Amino acid sequence: MLLDVAWSHAASSCPSGPQYSNVRYDDDFSYLRDPACRNDFWDPLKYIPLNARGDWYLSLGGEIRERYERFHNPSWGQQPQSPGGFLLQRYLLIGDLHLGENVRIFSELMSDWENARVGGPRPMIDQDQLDFTQFFVDLKLHPFGSDTSLTLRVGRQWLIYGSQRLISDRYGPNVPLPFDGARAILNAAPWRVDAFATKPVETNPGVFDDQTHLPTWFWGIYATRPLSFIDGGNIDLYYLGIHNKSATYAQETGKESRHTVGTRLWGVRGAWDSNSEFVGQTGTFGDGYILAWNAVTDTGYTLESVPLQPRLGLRAGITSGDHDKNGPNLQTFSPLFPTGFYFNQAILNGPLNEMGVHPNFTLHMGKSIALNGEWGWFWRQSTSDGIYGLGSNLIRPVGTTKDTYEGSQAQVTFDWQLDAHTHFQINYLHFFVGGYLKDTSPVGKDVDFVTTSIQYLF
């Protein structure tokens, strides 16, 4: 009877199954020190003890993702057509070495491939035959007592903060975005404060040829905590700095030093969820000054007592554009390093000189299946500025038209989490071009896009 009680107690402290995240350095498999918790097929690789106490251990893992994409009129007809679509493959192999509670070495080897796309792989996001996307060392200290921790991280790493509107690992596209540098992570409840100084890594398509992008420095401090006076509320506060020796906007190409200050208010209270962000930017560009801004919100209400628990949501945002392409000053907002699928998985446009409204809904068929639908409308914020891509690259010039309406998009996404390891998704989008895309050269065409992907984590 005593053995049964002990076994039941051990089993009750075990998670129901492995919990994987896309940011794999956040995975914690230390619970596998208890043999009673080892129930998954991959558990023998997730915890390999290296000493008698079990606090030195190695965790191995990986990811396999196969993704098919097909366009009709990619980039509104500006890019060549791939009649049969194309395949994107991503393979990650992870090694996570823990040397006690305070020292850790994390590595992630990556291989990304593109097949059958007319024109070859898109730069930076489609192909990187073999390279380290992460390789860093952690040292954890307790300078302010056992209740706080300070982690010093040095090496190649992903940076992910907030809603990933400004800082992201670009996980959606085939090739993620790493940074080389140092980070300090302070956990002192209720605060978490990160400070970092890095350089973005330049992705090249060959073998072990990625390198630090020398013209750009990126640094900042990011703090987050719960709001004690709002039940379920949280706040992020941050400062971000970037220096780029060669930045290009509709105005010109020049040296840029940009400073970003912002706040994010987010949380869940009852059936409501909200995620709003307000950002201001200043600095210098060429011989002029920068003054740019951004405001965005994503709010929803879930009808929990209704079948399929529908969530009705609204996303809306506005980002400033340049007032005068011939003047010395710049008002174009920069999203810095945003998530790869900001407005859509087709990666048609980015959040620069942009206004948009996106009503949406989500239906939940159990805990593992979700169906999301959205219709969004886009306008230029300034008629003196063009349309940009996610990398702040100009993809449509200002032109002579004063029409601000770019068009609208309808999209639907089906997500199915088959088990703890396997995720399947289908996404379809149709973009209806508006007056601005029709009145600038080349004449914009409606876009159809479909993608399906299957991802396996272990």
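Strand 2 gives the most to the lining of the largest cavity, chipping in three residues. The model here is a predicted one. Strand 2 covers residues 56–72, and along with strand 3 (86–99) it supplies at least two residues of that lining. The full set around the largest cavity is R24, D27, F29, K46, S59, L60, G61, I94, D96 and F106. Sorted by class, that makes four nonpolar, two polar and four charged residues. The space they line has a volume of about 70 Å³.

The strands around this cavity pair up with one another. Strand 2 and strand 3 run antiparallel and are joined by 14 bridges, with G62 standing opposite L93 in strand 3. Strand 3 also runs antiparallel to strand 4 (residues 103–115), this time through twelve bridges. Here Q89 sits opposite W113 in strand 4. Strands 3 and 4 form a hairpin with three residues between them, and in that turn G100 takes a positive phi of about 85 degrees.

What else turns up when the whole structure is searched for cavities of 30 Å³ or more? The search finds three of them in total. The second largest has a volume of about 40 Å³. Its lining includes the run Y161, G162, S163, Q164, R165, L166 and I167, and is completed by Y222, Y238, L240 and E277. By class, this second lining comes out as six nonpolar, three polar and two charged residues.

Notes:
Residues numbered from 1 in each chain as written. Predicted model: local features only at pLDDT ≥ 70, side-chain atom pairs only at ≥ 80, totals over all residues. Heavy atoms only, no water. 1 Å grid on protein atoms, 1.4 Å probe; cavity = no way out; pocket = protein on both sides within 12 Å on 5 of 7 lines; lining within 4 Å. Points joined across faces, edges and corners; volume = space filled by probe spheres on them. Helix = DSSP H or I, 4+ residues; strand = E, 2+ residues; numbered from the N terminus. Nonpolar A, V, L, I, M, F, W, Y, C, P; charged D, E, K, R; others polar. Pairing = 2+ DSSP bridges.
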